[in-house]
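User: Please take a close look at one part of this protein. I would like the nonpolar core and some residues of the strands around it, set against the fold as a whole.

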Amino acid sequence: AEDLQTQTSGGPADDNMIRITADRLVADTQSQNAEFIGHVHAIRGNMTILCDSLKIFYNDAPDQDSQKQPGADAIERIVADGNVNIQFDNQTATTQRAVWSTAEQTIVLSGPGSTIVSGKSSISGSKITLHQGDNRVNVEGGSGGRVEAQFFSDEQGLPLNN
């Protein structure tokens, strides 16, 4: 625990940087992805992701019509698999798989019992789509499953409302 605290206390959070530690890294520059495997710990801004594996898909070439330099806005998608725990904005999400799309500004949690907890309130289902741009959430129960939510009158709104 002290080691993680030391690693993350290096300065203010930067939304343009992601810091990842893992047991192993497999990078494929031709396919433009990098997979971190084993005890993955990733930090980006105010978001922390713990999982078994994390794969980053990126685009290294700038658009021809763009003034951007290579590497700018390079991350297209991040896929976290296995025992996924995401902490952000005083909330915790747990799931088997999380897919974060930077272009769509969404995080899709999938797997039985996917849950987001905020304070004492929670929502769960087999697929939860978080729309980061406008604080919307869509929860699906899956085949035969149902959506479940718990809200308390002493807390404001649904999880994701700040």
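Analyst: What follows goes from the whole chain to the core and then to single residues. This is a predicted model, in which local features need pLDDT of at least 70, side-chain atom pairs count only at pLDDT 80 or more, and totals for chains, interfaces and linings use all residues. Residues are numbered from 1 along each chain as its sequence is written, and side-chain values use heavy atoms, with hydrogens and water left out.

The protein has one helix and ten strands. Helices (H or I, at least four residues) and strands (E, at least two) are DSSP runs, numbered from the N terminus. The order is α-β-β-β-β-β-β-β-β-β-β. Of the 162 residues, 33% are buried. Buried means under 20% relative accessible area, exposed over 50%, and partly exposed in between (1.4 Å probe, protein chains only). Contact means heavy atoms within 4.5 Å. Among contacts between residues at least 6 apart in sequence, 38% join residues at least 24 apart.

Now the core. A nonpolar core is a set of buried Ala, Val, Leu, Ile, Met, Phe, Trp, Tyr and Cys residues joined through side-chain atoms within 4.5 Å. The largest one holds 24 residues, and Ile 49, Leu 54, Ile 86 and Leu 109 touch the most other members. Two or more residues each come from strand 3 (33-44), strand 4 (47-58), strand 5 (75-88), strand 6 (91-101), strand 7 (106-118) and strand 8 (121-131). Leaving aside residues up to four places away in sequence, Leu 54 touches ten residues by name: Ile 20, Ala 34, Glu 35, Phe 36, Val 40, Ala 42, Ile 49, Ile 78, Val 79 and Ala 80. In soluble globular proteins, nonpolar side chains tend to be buried together.

Next, two polar strand residues. Gln 96 sits in strand 6. Gln 96 counts as partly exposed because its relative accessible area is 41%. Beyond four places in sequence, its contacts include Ala 80, Asn 83 and Ser 110. The C-alpha atoms of Gln 96 and Ser 126 are 9.7 Å apart, with their positions 30 residues apart along the chain. Ser 124, in strand 8, is buried because its relative accessible area is 17%. Ser 124 touches Ser 114, Thr 115, Val 139, Arg 146, Val 147 and Glu 148, again not counting residues up to four places away.

Last, the backbone. Most residues other than glycine have a negative phi. Asn 83, in strand 5, has a positive phi near 50 degrees. Asn 90, in the loop between strand 5 and strand 6, has a positive phi of about 60 degrees. Asn 83 is exposed at 53%, and Asn 90 is exposed at 77%.
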